[in-house]
Amino acid sequence: ILQLAYNTADSIIVGRYAGHASLAAVGSTTSIIFLIITLFNGVSIGANYMAARDFGAQDDKGLFRTVHCAALLSVILGLLACVCGLLLSTPLLRWADAPEDVLPLSVLYLRIYFLGVPALVVYNFGSVLLRAVGDTFYPLLFMIVSGALNVALNLLLVVVIPLDVAGVAIATSVSQLLSAVLVTVRLCTFRGPCRLDLRKIRLYPDRTGQMLQLGFSAGLQGVLFSASNVMIQSAINSFGPVVMAGSSAASGNCDFL
């Protein structure tokens, strides 16, 4: 919910201070961003399951391999998603029928957002590893802190420094980076077999295969649902920027409440 609130905060601040065209541009990316978050939340379930299994079985060696494999896998998947997103931002938005008059702003927002996706994936994997061993407080705390930073940077980069759509996208990416750094520091300082040593991260073929097999099935389930939201957004986009802005304002307020 807090990860989705990033985009909601962007919509609220852009709509209030930058106008309906900018709000429409941010709103046209919402369904695509929801799809991305759903996919990688699902993929991280594989690491969560394996870490919880090893922890419950008191298999310290297995947990060590799972943690260090998941850490490197999250970086690889995040960078792959970033590159694909930067290359496919325009086709994705055209698929969602984003109007030509807001397309440049939508592409700019989405590309800057994709620069923060590696941090998003690292946070997701790190947080599920912590939850697997019973630490549910710190992942939530880190997301609250980064969410507060997102709102503060939104106000700074839109109201004080008028960067418009680029400002809210930068704020989101920086906030995601903070959450990734915090969860990594927590893993590196964790007392117990879940502790991460950055010098020992590597891919273990058996662990990697199991994580991907378990994770992508869960991620695919979420993506199939999210694809319907893209289709709905596409229908809304066909009515033009004013309707898009109204839809974004309504959905943003509902999410916020």
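A residue counts as exposed when its relative accessible area is over 50%, as buried when that area is under 20%, and as partly exposed in between. With these words in hand we can walk through the structure above, which is a predicted model.

We can begin with a pair to which this definition applies, namely D197 and R199, which form a salt bridge whose closest N and O atoms are 3.2 Å apart. R199 has a relative accessibility of 76%, and therefore it counts as exposed. The count of salt bridges in this model comes to six.

Another of these pairs joins R94 to E100, with the closest N and O atoms 2.5 Å apart. The partners fall into separate classes of exposure: R94, at 44% relative accessibility, counts as partly exposed, whereas E100, at 52%, counts as exposed.

A further salt bridge links R186 with D135, and here the closest N and O atoms are 2.9 Å apart. Because R186 belongs to helix α8 (residues 164-189) while D135 sits in the loop between α6 and α7 (137-160), this pair ties together parts that are 51 residues apart in sequence. D135 has a relative accessible area of 7%, so it is buried.

From pairs we can turn to a group, for R53, D54 and R207 are linked in a network of salt bridges. R207 is found in helix α9 (residues 205-237), and because its relative accessible area is 9%, it is buried. What does R207 touch, not counting residues up to four places away in sequence? Its contacts are M50, R53, D54, G62, R65, T66 and C69, so that R53 and D54, the partners in the network, appear again among the residues that R207 touches.

The last stop is a meeting of two helices, α5 (residues 103-115) and α6 (residues 117-132), whose axes come within 4 Å and cross at roughly 45 degrees. Angles under 35 degrees count as roughly parallel and those from 65 to 115 as roughly perpendicular, and α5 and α6 are therefore oblique to each other. Where the two helices meet, Y113, F114 and L115 in α5 are in contact with V117, P118 and L120 in α6. Sorted by kind, the residues of this contact divide into six nonpolar, no polar and no charged. The contact of α5 with α6 thus has no charged residues, whereas R207 in α9 takes part in a network of salt bridges with R53 and D54.

Key: Residues are numbered from 1 along each chain as its sequence is written. This is a predicted model: local features need pLDDT of at least 70, side-chain atom pairs count only at pLDDT 80 or more; totals for chains, interfaces and linings use all residues. Side-chain values use heavy atoms; hydrogens and water are left out. Axes are lines fitted to C-alpha atoms, for helices over the stretch in contact, and angles run from 0 to 180 degrees between N-to-C directions. Angles under 35 degrees count as roughly parallel, over 145 as roughly antiparallel, 65 to 115 as roughly perpendicular and the rest as oblique. Contact means heavy atoms within 4.5 Å. Ala, Val, Leu, Ile, Met, Phe, Trp, Tyr, Cys and Pro count as nonpolar, Asp, Glu, Lys and Arg as charged, and the others, Gly among them, as polar. A salt bridge is a side-chain nitrogen of Lys or Arg within 4 Å of a carboxyl oxygen of Asp or Glu. Buried means under 20% relative accessible area, exposed over 50%, partly exposed in between (1.4 Å probe, protein chains only).
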